[in-house]
Amino acid sequence: MLKEVPCVIFRGGTSKGVFFIEDSIPPKGEERDDFLLQVMGSPDIRQIDGLGGATSTTSKVAIISKSERQDADINYTFAQVSIDKPVVDYKGNCGNISSAVGPYAIEMGLVESDDPETVVRIYNTNTSKVIYSYIQTPKKQVTYDGDFSIAGVPGGSAPIKLSFKNPGGAVTGKTLPTGNSSDILDIPQFGKIEVSIIDVSNPLVFVRAEDVGLKGTELPEELDSSTKSLSLLETIRGVAAEKLSFVENWKDAAVTSPAVPKMTIVSKPKEYCTVNGERINKQDIELIGRMMSMQKTHKTYALTGALCTAAAAVIPETVVNNLMPDTFNYNNLRIGHPGGLIKGGVKIQKNAQGSTDILWVWGYRTARLIMKGTVYYKS
């Protein structure tokens, strides 16, 4: 017998996901994981028997419910569904999918809209953080039309501002999970390497491109065709995951904690061409970044990654901070990625100990409703 569940498919930023009302799907645990794997068609590299799109950015799920918290309107749980493994990862959040959560909540009648803009307060259960989503709602209707564009998405749409309140320690509880701006990791069959592990919106592990034998301007096809580079980057990520106690042994990170920490390669500005042949000029960016997603190169750059990168840029002596120009605009850090540019802003405050507190991080995305319907699965 096939069972049926209402679902909605949304594009959020440069990702695409399947959205569910929490009460309509199986409860947390093995039953829910089995349901999500079946819905997305995993494990299968083509996800041919489900709704997944056979890439990490199109194998995502958002689970939504009304919130009883005073500081939030809705609860949102993000699930990263592995493509080729029977794994559903709930560690960390996805900023791109987050951008569609507000429009979804309004479309489904979970939040009452205002004119001309609606602010939806989202409690992300993965990170225990509140996100303010600013959505264009002229005449109290969500609009997806506009001329705001983001790299990696054709055409223009209405902008959505996402502001993350007190975003530090989203997964680990600390902005600097190791207590250090940078650490030296001992990487098997490679040696020692300097990294910065920063947890703002999501935990990222940053390395300099030159330290891993890269230029920093490589495009996804080039990186993904290098077994040596992929293996090294995943080993570094695994060792960082072990240091964070996400896994007991770094070799298990690809299965036990595949989504976090997110591996990120950074380098100083230089000219390069995007996947679409667009030339990015050195003067138009403060930093070049390449992110890994589920052991492959991210085709663009995750929003939470951009926000964490912006935070790392203002924390003294991080790998990122040491690459930054002497002066730059904290409100508008521009990162060059394979698809173009992404911007992130950060508001900071020096605490009594002289350290940097991250009060807010923000960025801009777009979203679009693609489909409302029913998905069928085996009982």
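This passage describes the cores, salt bridges, cysteines, pocket and cavities of a predicted model.

The nonpolar interior is a good place to begin. The largest nonpolar core brings together 57 residues, and those that touch the most other members are Phe19, Ile64, Ile74, Tyr76, Phe206, Val320 and Ile358. Helix 6, which spans residues 303-314, gives the largest share of this core, with 9 residues. Separate from it is a second core of 26 residues, with Leu232, Ile236, Met263 and Met292 among them. Elsewhere, Phe164 sits in strand 8, which covers residues 160-165. With a relative accessibility of 3%, Phe164 is classed as buried, because the value lies under the 20% limit. Phe164 and Val130 are 34 residues apart along the chain, and their C-alpha atoms are separated by 6.3 Å.

Attention now turns to charged side chains. Side chains of opposite charge can pair when their charged atoms come close. The structure contains 13 salt bridges, and three of these pairs are described here in some detail. Arg237 and Glu234 are joined by a salt bridge with an N to O distance of 2.9 Å. Both residues belong to helix 4 (residues 227-243), where they are 3 residues apart, or about one turn of the helix. Arg237 and Glu234 are also both buried.

Which residue forms a salt bridge with Lys215? The partner is Glu222, and the closest N and O atoms of the pair are 3.8 Å apart. That distance is within the 4 Å cut-off, so the pair counts as a salt bridge. Glu222 has a relative accessible area of 42% and is partly exposed, while Lys215, at 45% relative accessibility, is likewise partly exposed. A further salt bridge links the side chains of Arg279 and Glu271, with 3.2 Å from N to O. Arg279 is partly exposed, its relative accessible area being 49%; because this value is not over 50%, Arg279 does not count as exposed. Glu271 is also partly exposed, at 46% relative accessibility. Beyond these pairs, Glu194, Arg208 and Asp211 are connected into one network by salt bridges that share partners.

The cysteines give a short account of their own. A search of the whole structure returns 0 disulfides. Cys94 takes part in no disulfide, and the cysteine sulfur nearest to that of Cys94 belongs to Cys308, 14 Å away. Cys94 is buried, with a relative accessible area of 6%. The relation holds in the other direction too: Cys308 is in no disulfide, and the sulfur of Cys94 is its nearest cysteine sulfur, at 14 Å. Cys308 counts as buried at 0% relative accessibility. A disulfide requires two cysteine sulfur atoms within 2.5 Å, so the 14 Å separation rules out a disulfide between Cys94 and Cys308.

Open space in the model can be followed from pocket to cavity. The largest pocket has a volume of about 390 Å³. Its lining is made up of 17 residues, and Ala54, Ser56, Ile83, Met294 and Lys296 are the closest to the pocket centre. By class, the lining of this pocket holds 8 polar, 5 nonpolar and 4 charged residues.

How many cavities of 30 Å³ or more does a search of the whole structure find? The search finds 5. The largest cavity encloses about 90 Å³ of space. Around the largest cavity are 13 lining residues, and Lys60, Lys262, Ser293, His298 and Ala302 lie nearest its centre. Strand 4 (74-81) and strand 15 (287-293) are the elements that give two or more residues to this lining, and the largest share, 3 residues, comes from strand 15. The lining of the largest cavity divides into 6 polar, 5 nonpolar and 2 charged residues.

The second largest cavity holds about 50 Å³ of space. The lining of this second cavity includes Pro103, Ile135, Gln136, Val142 and Thr143, and also Tyr144, Ala158, Pro159, Ile160 and Ala367. Here the lining has 8 nonpolar and 2 polar residues, with no charged residues.

Conventions:
Residues are numbered from 1 along each chain as its sequence is written. This is a predicted model: local features need pLDDT of at least 70, side-chain atom pairs count only at pLDDT 80 or more; totals for chains, interfaces and linings use all residues. Side-chain values use heavy atoms; hydrogens and water are left out. A nonpolar core is a set of buried Ala, Val, Leu, Ile, Met, Phe, Trp, Tyr and Cys residues joined through side-chain atoms within 4.5 Å. Buried means under 20% relative accessible area, exposed over 50%, partly exposed in between (1.4 Å probe, protein chains only). Helices (H or I, at least four residues) and strands (E, at least two) are DSSP runs, numbered from the N terminus. On a 1 Å grid over the protein atoms alone, a cavity is a set of points where a 1.4 Å probe fits but cannot get out, and a pocket is an open set with protein on both sides within 12 Å along at least five of seven lines; lining residues have an atom within 4 Å of a point. Grid points are joined across faces, edges and corners, and a volume is the space filled by probe spheres set on the points. Ala, Val, Leu, Ile, Met, Phe, Trp, Tyr, Cys and Pro count as nonpolar, Asp, Glu, Lys and Arg as charged, and the others, Gly among them, as polar.
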